[in-house]
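Hi everyone, thanks for coming along. I'd like to walk you through one model today, so let me put it up on the screen.

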Amino acid sequence: MSTADTRLERRFDPAEVRELKATASSDLTVGGANLAAQALAAGLVDECQLFVWPVVVGGGKPGLPTGMRVDLELLDERRCRNGVVHLRYRPLGQ
């Protein structure tokens, strides 16, 4: 299902995403750890936003890709009253 603001694809195609980025009139958002890891590996991520909750759950899917290194530059941080921290990073070396 697609809408005016959302497009679903069955597979990740870096060339298609590059074309979409080049023609987009607004920011694009990638959701999900697996898709984000593929976009990072392809050099398609301009900014990474993380929300850190003050809770340890002890398992689950990693929020960041494993098996690769991406150096990040901190752009901004915001602390919320409930303890959540919003971090904005820019990948370096792309």
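How many aromatic pairs does the structure hold? Just one. Before I go on, please keep in mind that this is a predicted model.

So, who are the partners? They are F51 and W53, with ring centres 6.2 Å apart. Their planes sit at 45°, and because angles from 30 to 60 degrees fall between stacked and edge-to-face, we call this pair tilted.

Are these two residues buried or exposed? F51 is partly exposed, at 44% relative accessible area. W53 has 53%, and since the cut-off for exposed is over 50%, W53 counts as exposed.

Now let's look at the sheet. We have an open sheet of three strands in the order 1-3-2, and the pairing is antiparallel. Strand 1, residues 48–52, and strand 2, residues 72–79, are the edge strands, each pairing on one side only. From one strand to the next, the twist averages 20°.

Back to our phenylalanine: F51 stands opposite H86 in strand 3. Strand 3 covers residues 85–91, and five bridges join strand 1 to this antiparallel neighbour.

Last stop, L92, which you'll find in the segment after strand 3. L92 has a relative accessibility of 37%, so this leucine counts as partly exposed. Which residues does L92 touch, leaving aside those up to four places away in sequence? The answer is D71, L72 and E73. For a backbone view, take L92 and V70: they are 22 residues apart along the chain, and their C-alpha atoms are separated by 7.2 Å.

That's my tour, and I'm happy to chat about any of it.

Terms used:
Residues numbered from 1 in each chain as written. Predicted model: local features only at pLDDT ≥ 70, side-chain atom pairs only at ≥ 80, totals over all residues. Heavy atoms only, no water. Pairing = 2+ DSSP bridges. Helix = DSSP H or I, 4+ residues; strand = E, 2+ residues; numbered from the N terminus. Axes fitted to C-alpha atoms, helices over the stretch in contact; angles between N-to-C directions. Phe/Tyr/Trp six-rings, centres within 6.5 Å; stacked < 30°, edge-to-face > 60°. Buried < 20%, exposed > 50% of the residue type's maximum accessible area, 1.4 Å probe, protein only. Contact = heavy atoms within 4.5 Å.
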